[in-house]
Amino acid sequence: MKKFLPILLLAFVGLFIFSCKDDDTDYDTYSQSKDVVGSFTSSNSYAFTQGIAIQGTDVVLVYRYLGDSWQLIPKMMYLPDATGMPTNREFQYNFVFDTNNVQISIDDQNFNLSTGFTSAEATQYLNNQRFRIVLVPASAGKNANVNYEDYNSVIKYYNIDESKIQTIKVN
């Protein structure tokens, strides 16, 4: 019995030593990404919504595709006149989210979105716009040495496989 008690005590203490982890790693949130393609029109109030499950521990990043690179939004856009001179025509790509959806929108600043664009500008800024929604765990991002403005840095840091990103067409 005297030999059994120290072994039992050692096993009991060992159970608590190895069963407790002292790290804040978020094991139930995984980096994920989804593409959304849509057009901003007056009929959809210059916004579209994509359903996506967002946990309270996720960071939501949204990028707009520029043809050869990705640009983090929100992003203010300033439209020049035909000669390239600055004007007061400006709008912003923006997004809001809750636990079930991400809504991407255009917020007009000081001109009418339905009449303020030339047809070439509408094609460039409103029609068939591609956005990439990227969810990353907040706990991993707290001390992350990553530039969130640089899409490629984010994808590399969080090991997101771009070949598995699904594209959803809205409206």
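## Strands in two sheets

**Exercise 1.** Find out which residue stands opposite arginine 132 in β8.

Solution. Look across from arginine 132 in β8 and you'll meet tyrosine 63. Before going on, know what you're looking at: this is a predicted model, where local features need pLDDT of at least 70 and side-chain atom pairs count only at pLDDT 80 or more, while totals for chains, interfaces and linings use all residues. Residues are numbered from 1 along each chain as its sequence is written, and side-chain values use heavy atoms, with hydrogens and water left out.

**Exercise 2.** Work out how strands β1 and β3 pair with β8.

Solution. Start with the terms: strands are DSSP runs of E with at least two residues, numbered from the N terminus, and two of them pair if DSSP finds at least two bridges between them.
- Step one: β1 (residues 32-38) runs antiparallel to β8, with seven bridges. Glycine 38 has glutamine 129 as its bridge partner in β8, and valine 36 has phenylalanine 131.
- Step two: β3 (residues 58-65) is also joined to β8 by seven bridges, again antiparallel.
- Step three: put them into the open five-strand sheet, whose order is β4-β3-β8-β1-β9, with mixed pairing. β4 (70-73) and β9 (166-169) each have a single partner strand, so one side of each has no neighbour in the sheet.

**Exercise 3.** Decide whether β8 is largely enclosed or not, and say why.

Solution. Count the buried residues (buried means under 20% relative accessible area, with a 1.4 Å probe and protein chains only). Strand β8 (residues 129-137) has nine residues and eight of them are buried, so the rest of the structure largely encloses this strand.

**Exercise 4.** Describe the surroundings of lysine 34.

Solution. First, place lysine 34 in strand β1. Next, check its accessibility: lysine 34 has 14%, so it counts as buried. Then list contacts (heavy atoms within 4.5 Å): leaving out residues up to four places away in sequence, lysine 34 touches nine residues, including Gln50, Gly51, Phe131 and Ile168. Finally, a polar atom of the lysine 34 side chain lies 3.4 Å from the backbone oxygen of glycine 51.

**Exercise 5.** Trace the sheet of four strands from edge to edge.

Solution. This open sheet follows the order β2-β7-β6-β5, with antiparallel pairing. Its edge strands, β2 (47-51) and β5 (75-79), each pair on one side only. To check one pair, note that five bridges join β2 to β7 (residues 101-108); among them, glutamine 50 has valine 102 as its partner in β7.

Key:
Buried means under 20% relative accessible area, exposed over 50%, partly exposed in between (1.4 Å probe, protein chains only). Contact means heavy atoms within 4.5 Å. A polar contact is a pair of N or O atoms within 3.5 Å; within protein, one must be able to donate a hydrogen and the other to accept it, and residues adjacent in sequence count only if both atoms are side-chain atoms.
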